[in-house]
Amino acid sequence: MGASSLTGAEHRGVQCPECGCARLEVLQTRHTHDMRILRRRRCRRCGTRITTAEHLLAGPRGPCCRYR
Ligand SMILES: [Zn+2]
């Protein structure tokens, strides 16, 4: 049955710039020194690879990030 491999680390709101598909597979997650998280993603539909950067903000309105 549905073999969706949601890792739980997928960030909602990111879309492929090519086809607009929101199903991006996270290939690699990297933490930088300035509290940023870089994620390499690949679109499951067209294969376009993009890199997203998330910045951790100290505050109640910061992005909700989950660690594994
Ligand atoms: Zn795409």
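This passage describes the fold of one protein chain, from its overall make-up to single residues.

The model is predicted. The protein chain holds three strands and zero helices. Along the sequence, the pattern reads β-β-β. The chain has 68 residues, and buried residues make up 6% of them. Contacts were also sorted by separation in sequence. Among those between residues at least 6 apart, 28% join residues at least 24 apart.

The three strands form an open sheet. Their order in the sheet is E1-E2-E3, and the pairing is antiparallel. Strand E1 (24–31) and strand E3 (49–55) stand at the edges. Each of these two has a single partner strand, so one side of each is left without a neighbour in the sheet. From one strand to the next, the twist averages 25 degrees.

The pairing of E1 with E2 comes next. These strands run antiparallel to one another and are joined over seven bridges. Two pairs of facing residues can be named here. Leu24 stands opposite Cys43 in E2. Thr29 stands opposite Arg39 in E2. E1 and E2 form a hairpin, with four residues between them.

Met35 belongs to this turn. Its place is in the loop between E1 and E2. The phi of Met35 is near 65 degrees, which is a positive value in a residue other than glycine. Most residues other than glycine have a negative phi. Met35 also counts as exposed, because it has 11 C-beta neighbours inside 10 Å and the exposed class covers counts of 12 or fewer.

The pairing of E2 with E3 follows. It is again antiparallel, and it extends over seven bridges. Across this pairing, Leu38 stands opposite Ala53 in E3. E2 and E3 form a hairpin too, with five residues between them. In this turn, Gly47 has a positive phi of about 85 degrees.

Leu38 offers a closer view of the sheet. The residue lies in strand E2, which spans residues 36–43. Its contacts, leaving aside neighbours within four places in sequence, are with Arg30, Thr32, Thr51 and Ala53. Of these, Arg30 lies within the span of strand E1 (24–31). Thr51 and Ala53 lie within the span of strand E3 (49–55). Ala53 is also the residue that Leu38 faces in E3. Leu38 and Thr51 are 13 residues apart in sequence. In space, their C-alpha atoms are 6.7 Å apart.

Is Leu38 buried, exposed or partly exposed? Leu38 has 13 C-beta neighbours inside 10 Å, and therefore counts as partly exposed. A buried residue would need 20 or more such neighbours, and an exposed one would have 12 or fewer.

In summary, the predicted model contains an open antiparallel sheet in the order E1-E2-E3. One hairpin links E1 to E2, and another links E2 to E3.

Notes. Residues are numbered from 1 along each chain as its sequence is written. This is a predicted model: local features need pLDDT of at least 70, side-chain atom pairs count only at pLDDT 80 or more; totals for chains, interfaces and linings use all residues. Two residues are in contact if their C-beta atoms, placed from the backbone, lie within 7 Å. Two strands pair if DSSP finds at least two bridges between them. Axes are lines fitted to C-alpha atoms, for helices over the stretch in contact, and angles run from 0 to 180 degrees between N-to-C directions.
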